[in-house]
Amino acid sequence: MPDLVTIDRQDGVADVRLNRPEKYNALSPEMFGAITEAGESLMNSGDIRAVVLSGNGRGFCSGLDFSSFSAMADETRRAGDRVRTALSETRGPENFAQRPALVWKRLPVPVIAAIHGVAFGGGCQIALGADIRIASGDARLSILEIKWGLVPDMSITQTLRDLVPLDVAKELMFTGRIVSGDDAAAMGLVTRTADDPLAEALGLAREIASRSPHAVRADKRLLEESWRADPALGLGLEAELQSGLIGTPNQVEAIRANFENRAPDFDDAD
């Protein structure tokens, strides 16, 4: 059986692909686990400087595997209890269903989602966990859970709030409206569009990978921890991270490379 998620590492970039193309990368229980495992496998990889997250086949991810969902509804109460137990199993504040999206937000390196075809429901929420989203103009995105009488519960409270105003978030969630990649870019749901989002994302990842990995990781930490914090925390973290970078080998190499007009040769992160 092919891996449900593949990872190709090259030149500091991890190319991560959802790999259930015959099902539009729909989210079965096994797929939930495989996505989380893929993200966690990169958590302590000092040689990885950026991640690109995409889906093989005709779409990024169509959301919950409806056949699994139907089977869940038709099974015995005991089977239903097993599902509820799995969804409530926590590691820190998040549960099993929230980790496949939140793991990308928590990676210490930038994550770029390349979206084509569809990103519906849980698939859209996984993309929201990335730092940057590049979509094709004709991609289709939707926070679709209202269609099934559900709320989005894959860490959307920690991701969507940083992208769109509250009223836009409410409209998307109340209606389950499907928006194009172009419309998603206009409202801030995705960062920008491209004719070939995967090629664009890989190019951006390689550009990020050419920068000092310690500084890039510090950038992500600074923004993740201070974006909604009080001024004292944010300003203090700026000073703390800056003092930790000044004079380090990679910071010195950045200066030398600029003065010598050459490409820098950075050490991997610890």
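These are my notes on one pocket and the nonpolar cores of a predicted model.

Ground rules. I number residues from 1 along each chain as its sequence is written, and side-chain values use heavy atoms, with hydrogens and water left out. Local features need pLDDT of at least 70 and side-chain atom pairs count only at pLDDT 80 or more, while totals for chains, interfaces and linings use all residues.

Pocket. I looked up the second largest pocket (an open set of points on a 1 Å grid over the protein atoms alone where a 1.4 Å probe fits, with protein on both sides within 12 Å along at least five of seven lines). Its volume, the space filled by probe spheres set on the points, is about 740 Å³. I find 25 lining residues (an atom within 4 Å of a point). K105, D131, D162, L223 and E224 lie nearest the centre. Helix α9 (213-226) gives the most, six residues; helices are DSSP runs of H or I, at least four residues, and strands are runs of E, at least two. By class the lining has eleven nonpolar, three polar and eleven charged residues, with Asp, Glu, Lys and Arg as charged and Gly among the polar.

Cores. I then took the largest nonpolar core (buried residues, under 20% relative accessible area, joined through side-chain atoms within 4.5 Å). It has 46 residues, and V51 and W104 are among those touching the most other members. The largest share, five residues, comes from α1. Apart from this core lies another of 14 residues, including V52 and L204.

V51. Beyond four places in sequence, I list its contacts (heavy atoms within 4.5 Å) as A14, V16, L42, W104, L107, V109, P110, V111 and I112.

Definitions and conventions:
Buried < 20%, exposed > 50% of the residue type's maximum accessible area, 1.4 Å probe, protein only.
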